Amino acid sequence: MEISDENFRVWAEKNEVYFDGVFRLAGPDAYAPIYSLVFGLLHEGHKQVTFNLTGLEFLNSSGINLLAKLTIEARKMGDLLLVVKGTNQYPWQAKSLPNLKKLHPLLDLRLA
């Protein structure tokens with residue numbers, strides 16, 4: 001499944017979710033379809049799920065809240081390994097993504 005508009009795209013391939021572009025959606029309700037897509041993937045029984053954010057140029061505060069909710073959901077899964085791939089190319093990622101480890105200490109954060 002894929003969710004997109006002219007500024008962003010989210011899609012899943014097997015156990016990896018790709019976030020690409022600029023996310024400036026207006027509040028949590030606008031992010032609900034993305035939440036549903038990723039929530040479903042988290043509950044498909046995978047041993048590992050990866051959020052690939054390397055193409056995510058910008059994420060507003062509602063989007064960061066979405067990542068936090070999904071990280072907490074992954075933590076509740078117990079034996080699910082959550083990997084978050086980011087990049088130092090976008091300064092917001094180096095600043096914000098490490099905070100996800102506070103929500104899920106076993107999260108595997110990979111900033112390149």
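With 112 residues, this protein ought to have a radius of gyration near 13 Å if it folds as a compact globule, and 13 Å is what the chain has, so the two agree. Keep in mind that this is a predicted model. Along the principal axes, the C-alpha atoms take up a box of roughly 35 × 30 × 25 Å. Buried residues make up 46% of the 112. The accessible surface comes to about 6000 Å², with carbon and sulfur atoms owning 52% of that.

As for the fold, there are 4 helices and 6 strands. Reading from the N terminus, the order is β-β-β-α-β-α-β-α-α-β. Contacts reach far along the chain: taking pairs at least 6 apart in sequence, 68% join residues at least 24 apart.

UniProt, in an unreviewed entry, lists residues 22-84 as "domain: STAS". That span is 49% helix and 29% strand, and its end C-alpha atoms sit 18 Å from each other.

Now for helix H2, residues 61-76. How far apart should the ends of its 16 residues be at 1.5 Å a residue? The expected span is 22 Å and the end C-alpha atoms are 23 Å apart, so the helix agrees with the rule. Plenty of H2 faces inward: Ser-62, Gly-63, Leu-66, Leu-67, Ala-68, Leu-70, Thr-71, Glu-73 and Ala-74 are buried. Which elements do the buried residues of H2 pack against? Here they are:

| Partner of H2's buried residues | Residues |
|---|---|
| helix H1 | 28-42 |
| strand E4 | 48-59 |
| strand E5 | 81-86 |
| helix H4 | 100-103 |

Strand E3 is also on that list of partners, and E3 covers residues 16-23. Right after H2 comes Gly-78, with a positive phi of about 80°.

The other backbone spot to look at is Lys-14. Most residues other than glycine have a negative phi. Lys-14 goes the other way, with a positive phi near 55°. Where in the chain is Lys-14? It lies in the loop between strand E2 (8-13) and strand E3 (16-23). Is Lys-14 buried or exposed? Its relative accessible area is 77%, and the cut-off for exposed is over 50%, so Lys-14 counts as exposed.

Put side by side, the two positive-phi residues have their own settings: Gly-78 comes just after H2, while Lys-14 belongs to the loop between E2 and E3.

Key:
Residues are numbered from 1 along each chain as its sequence is written. This is a predicted model: local features need pLDDT of at least 70, side-chain atom pairs count only at pLDDT 80 or more; totals for chains, interfaces and linings use all residues. Side-chain values use heavy atoms; hydrogens and water are left out. UniProt positions are given in the numbering used here, feature names are shortened, and annotations may be inferred rather than shown by experiment. Buried means under 20% relative accessible area, exposed over 50%, partly exposed in between (1.4 Å probe, protein chains only). The expected span of a helix is 1.5 Å times one less than its number of residues. Contact means heavy atoms within 4.5 Å. The radius of gyration is taken over C-alpha atoms; the globule rule is 2.2 Å times the number of residues to the power 0.38. Accessible areas come from the Shrake-Rupley method with a 1.4 Å probe; for residues, only the protein chains shown count as cover.
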